[in-house]
Amino acid sequence: METYDLIVVGSGPGGYVAAERAGSLGKRVLLIEKGYLGGVCTNWGCIPTKSLLHSAKQYRHTLEGEQYGLEAKGLSYNLTKAMAWKQDTVETLRSGIGFLMKSNKVETLFGEAQFIDPHHVKVGDTVYATDFLIVATGSSPFVPPIEGSKLAHVLTSDEILSVEKIPETLAIIGGGVIGVEFASYFSMVGTKVTVIEMMDEILPMMDGEFAKLMRREMKGVDFKLGCKVEEITPEGVVYTDAKGVRQTIASELVLMSVGRRPNVAGLENLKLEIARTGIAVNDRLQTNIANVYAIGDVNGKSLLAHSASRMAEVAISNIFGTTRQRMRYNAIPWAVYSLPEGAGCGLTETEAAKRGIAVKSQTVQMRSNGRFLAEQGKRAGGLVKVIADATTNVILGVHLLGPYSSEMIWGAAALIEAELRIQDVKEIVFPHPSVSELIKDACFALDHTL
Amino acid sequence: MAQQVVMPKQGNSVESCIIVEWNVKVGDKVAIGDVLCSAETDKSTIDVESTAEGSVLALLYKEGDEVPVMVPIAVVGEPGEKVEVASAAPAEQEKEVGNLEEMVVAPLSVTPSQESTGSSPRARALASSLGIPLSSLYATGPKGRVIERDVLNAASQPLTPAAREAALKQGLAAPVAGSGIGGRVLASDLVSPVVAPAAPSLPSSPTAEGPVTEIPVKGVRKVTARRMMASIHGTCQLTLHAFADARALKSLRAGFKASKSELGLTDVTLNDLVLFAVSRTLVDFPAFNAHFLGDKMLRFSSVHLGMATDTERGLLVPVIRNSQNMSLKAISLEVKRLVAKCKEGSATPEELSGSTFTVSNVGSFGIEAFTPVLNVPEVAILGVGTIVLKPNEAKDGTVSFIPHIGLSLTMDHQAVDGADAARFLKALMDNIASIDLLLAL
């Protein structure tokens, strides 16, 4: 029987990073994947959506570019070509991961893993033994048991990435990150989009003020908040609105994006402790079984690709290196790649209030920024908010809505991780002109002293 | 010719003494036998007398300094005489802090004086040069002392700006490694500094209204404070209470009191009788006539009874040596001799050390039972209470009241178990109940 130092099941941004890090330490690693290398992120999530969103944004900017001198005639959006570009991107990255595994001497095995016990995994007819096991099986779109949810025109985020034609109308059930990104994409390429959200605001992790502006800026999308979907028919979606009135909207396609569930089926033999949100782990990503670690979406702690990658590093460090490393969740940035973009890191005021932390905050308008004004114009909306501890002045949260947000937000993570205070951030030199200067402006708005 | 006065040798076990208070200052005239200073050993306070006559030319140590015995502490000579002071103090300190490893692994037998517990001189010097407040340091030295290593740790420790501010403002200490990025110490990682048990930081000023008298803690009070705290901190104390039939005790005492004075028994007290019973009972229970030293226990074949004694200077514990071989009369006489010496302050360190078991009697105050604190490293201590009447039901159902004496046995559960202690206490109760028979043995 082949024996490994580590077997990793699942090759998403959690699994493949774990395999890569362990391989680079000279460990004997087996990475098992039932689909494609890269998991949901590379194949059906982060990457393909970014490819499509970028093409749609280019299309939109060109259409609206007349105000700053861009005249285009006969402009159209070719979905087939956009999909081909997307596919090429995905395949390139996928093979890149394969190369990465090879160069780190990670053995890759394609097939469904059967967990025999914490030290043995079977693929096909072969059993592989291991000292340590990392479960990185990810999550899948959750389809609630609504009548009509099995109809052919009801798609999840997986299937909608292979539509062959841009629909006239699209109803999106669920206004989370996935719902909002697809709403943004399809509205940019001409679809009439309706987002039906059960809560009274979209994007729960976003500051309320920002979410409101986000809805306003996504002009082509109709948001139905506080609405409960009752039934999906071949013609459209039936829901009860916030006032309790039954409504119907016609829709050619329906996207079901109400959330994701951890992939925990088949893990029974490991006798892991599994909560509703995922496999229970400690801050070293260790499960109740000492040699089994669970990282990424499957533990439900933070359903983000970069969280999974960090969890992979923490787990590998605890297995093969120092046990000093712990997973910290207080400074994990998130981003929505819609138009406009939004990003955040740390606490919102609502969350701070829930935890009983007294905070102070300042919001600045992006149009006060040189670069933003130059590129977006006077009427565009955008916000930057900095939240700090009311007594210690430690930066607790940074929220952005506007261009480059996703590229700037790592800086906020650095501020929060380093526990910098308002006065410390004011001493950092930000490049000019850049939208990032607004973070410094917000800090000065919180405290004008030098 | 100037003469040096040395710290006198105080028995065989005392290696150093702490100067509590100087009674003289430079320029004072002293005669041989004049008390120059009081000094304390870990057992008692002694007076250091001048061994020379003349004028005090120099005092070589400050109050609070710990001085090894036979080391010069003062110089006495003709006024104006030139003195070459070869002070041992700085050299001693160098040695003490010179080797950090040694300090951490095995605290030197010359322990620092209480005043300096908290930080070593090197730590203080380094902290001051780096501008690090001592209060913000995490102490890893013996007895919670901040040592040089702690300062170096703090100096090289990556604290976040918020953590540094919180440490300074709130006097919190940073652990060696934090939970932040790259092991940075976050504000939430800070902890309250470890305070040495012997030098607790107490509220600086009382809030009570009215006149306040400040009494410095020194001498016997300080020794007692340290030893009691060490006892409570270092042992697992458990106390058993019982009452022994005191009829024989009382009638014997009454008999002695009425006896002819030439027999020399009229002054035999109830306490003497209890001490006698304890001395005989311990012989059968060697586990209680013992010292617990952590990695080993010492059992003694002789019973050296410590006797807690209340004096004006504070609590002293003189020792009745080889009590198991002494007659009741001999015990009684030895107790009186020792108590008298303690009260006048002339008990020697030898007389105040070496006990294997201690008895503390507060019965004369009407206390029935209490929880005596172990006189470490002893395994047990007996508290003796007052005599009270206890109802007793005879076989025929008649109830009578019988005098009983309170016995409280505190034992170190590290060394012995509850049942052992119960057996010992039961034997003692039986021996006290039939003390008249025990005397005949």
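1. Helix 10 of chain B, residues 418–433, offers a simple check of geometry in this predicted model. The helix has 16 residues, and at 1.5 Å a residue it should span 22 Å. Its end C-alpha atoms are 22 Å apart, so the expected span and the model agree.

2. Which residues of helix 10 of chain B are buried? They are B:A421, B:F424, B:L425, B:L428, B:M429, B:N431 and B:I432. When the helix is viewed down its axis, these buried residues fall within an arc of 165°, and therefore they line one face of the helix.

3. In chain A, attention may turn to a pair of helices. The axes of helix 3 (residues 46–63) and helix 4 (residues 79–103) of chain A come within 9 Å and cross at roughly 145°. The crossing of these two helices of chain A is right-handed. On the side of helix 3 of chain A, the contact is made by A:I47, A:P48, A:S51, A:L52 and A:S55. Helix 4 of chain A contributes A:A82, A:M83, A:W85, A:K86, A:T89, A:V90 and A:L93. Sorted by class, the contact between helix 3 and helix 4 of chain A has 8 nonpolar, 3 polar and 1 charged residues.

4. Two residues of chain A deserve a look at their backbone angles. A:L203 is not a glycine, yet its phi is positive, near 45°. This leucine, A:L203, is placed in the loop between strand 10 (192–197) and helix 7 (208–217) of chain A. Is A:L203 buried or exposed? With a relative accessible area of 1%, A:L203 is buried, because the cut-off for that term is under 20%.

5. A:N393 likewise has a positive phi, of about 65°, although it is not a glycine. The loop that holds A:N393 runs between strand 23 (383–389) and strand 24 (395–401) of chain A. The relative accessible area of A:N393 is 17%, and the residue therefore counts as buried under the 20% limit.

6. Peptide bonds in the cis form should also be inspected. In chain A, the bond from A:L339 to A:P340 is cis, with omega near 0°. A:P340 sits in the loop between strand 20 (334–336) and strand 21 (342–346) of chain A.

7. Where in chain B is B:P377 found? It lies in the loop between strand 16 (357–361) and strand 17 (380–393) of chain B. B:V376 and B:P377 are joined by a cis peptide bond, with omega of about 0°.

How values were computed: Residues numbered from 1 in each chain as written. Chains lettered and ligands numbered in written order. Predicted model: local features only at pLDDT ≥ 70, side-chain atom pairs only at ≥ 80, totals over all residues. Heavy atoms only, no water. Helix = DSSP H or I, 4+ residues; strand = E, 2+ residues; numbered from the N terminus. Buried < 20%, exposed > 50% of the residue type's maximum accessible area, 1.4 Å probe, protein only. Axes fitted to C-alpha atoms, helices over the stretch in contact; angles between N-to-C directions. Left-handed = near helix turned anticlockwise from the far one by under 90°. Contact = heavy atoms within 4.5 Å. Nonpolar A, V, L, I, M, F, W, Y, C, P; charged D, E, K, R; others polar. Expected span 1.5 Å × (residues − 1). Arc of directions from axis to C-beta.
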